[in-house]
Amino acid sequence: MPLPPKRAAESATEMVQVVLPNDANPLGFILGGTVMHLIDIAGAIAGHRHTRSLLVTAAVDELQFLHPIKVGDLIILKAHVTCAFQTSLEVQVDVFSEETLTGRRQLTSRAFLTFVAIDRDGQRLPVPPLLLETEEEKRVAEAAHARRAERLKRKATG
Ligand SMILES: CC(C)(COP(=O)(O)OP(=O)(O)OC[C@H]1O[C@@H](n2cnc3c(N)ncnc32)[C@H](O)[C@@H]1OP(=O)(O)O)[C@@H](O)C(=O)NCCC(=O)NCCS
């Protein structure tokens, strides 16, 4: 029986954390590896909420760090499903810094992650389709299909 489709809003996830000295390099900026870890977590939460299954991370597309995030700033991660395929799905994670005293926000990274749904034996599981209700959602899903094709091409060519 086909799985019922779900809206992106049902799994959209926001994580907020304060950057502490333990997360930072000697310049007082959050470590890139810590940001990558949080991106994986935020993306996986959105993926779990959409699929309600176990997931593995299959791919993380190119990642840039556009601005530093300082100790004492907030790091905000917003994750949402852009497209569901057969057993995999793409999640977009936008990372923002927010200055606690001024509220100034900046986009610092954008990441696209692919997760594959599996059961406890590692068998692939079908994922619920994503409901595409607006023109913007359809445009986003189309872009996700194009990224997926590129990813699989890169994987095939090593
Ligand atoms: C990710 C993984 C399950 C893919 O296995 P595979 O046998 O190469 O892929 P399959 O042919 O079974 O494909 C399963 C799905 O994953 C997608 N996929 C596989 N590799 C992918 C990649 N590199 N990028 C994007 N999608 C990928 C396929 O397109 C397919 O999606 P679909 O069913 O929606 O069309 C496998 O490589 C793996 O277990 N990797 C390690 C994962 C891991 O340890 N992650 C970190 C900790 S969670």
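In helix H1, the buried residues (under 20% relative accessible area with a 1.4 Å probe, protein chains only; exposed is over 50%, partly exposed in between) are Val35, Leu38, Ile39, Ala42, Gly43, Ala44, Ala46, Gly47, His50 and Thr51. An α-helix has 3.6 residues a turn, so residues three or four places apart point the same way. The cover over the buried part of H1 includes strands E1 (13-18), E2 (54-60), E3 (74-84), E4 (88-98) and E5.

This is a predicted model, where local features need pLDDT of at least 70, side-chain atom pairs count only at pLDDT 80 or more, and totals for chains, interfaces and linings use all residues. Residues are numbered from 1 along each chain as its sequence is written, and side-chain values use heavy atoms, leaving out hydrogens and water.

Helices (H or I, at least four residues) and strands (E, at least two) are DSSP runs numbered from the N terminus. Here are the two helices, with the expected span taken as 1.5 Å times one less than the number of residues.

| Helix | Length | First to last C-alpha | Expected span |
|---|---|---|---|
| H1 (32-51) | 20 residues | 28 Å | 28 Å |
| H2 (135-157) | 23 residues | 33 Å | 33 Å |

Right after H1 comes Arg52, with a positive phi near 55°; H2 is followed by Gly158, whose phi is positive too, near 75°.

Over in H2, Val140, Ala141, Ala144 and Arg151 are buried, and they pack against E2, E3, E4 and E5.

Now for E5 (residues 105-118), the strand that holds Ile118. Ile118 is buried, at 15% relative accessible area. Beyond its neighbours within four places in sequence, Ile118 is in contact (heavy atoms within 4.5 Å) with Leu54, Val56, Gln123, Arg124 and Leu125.
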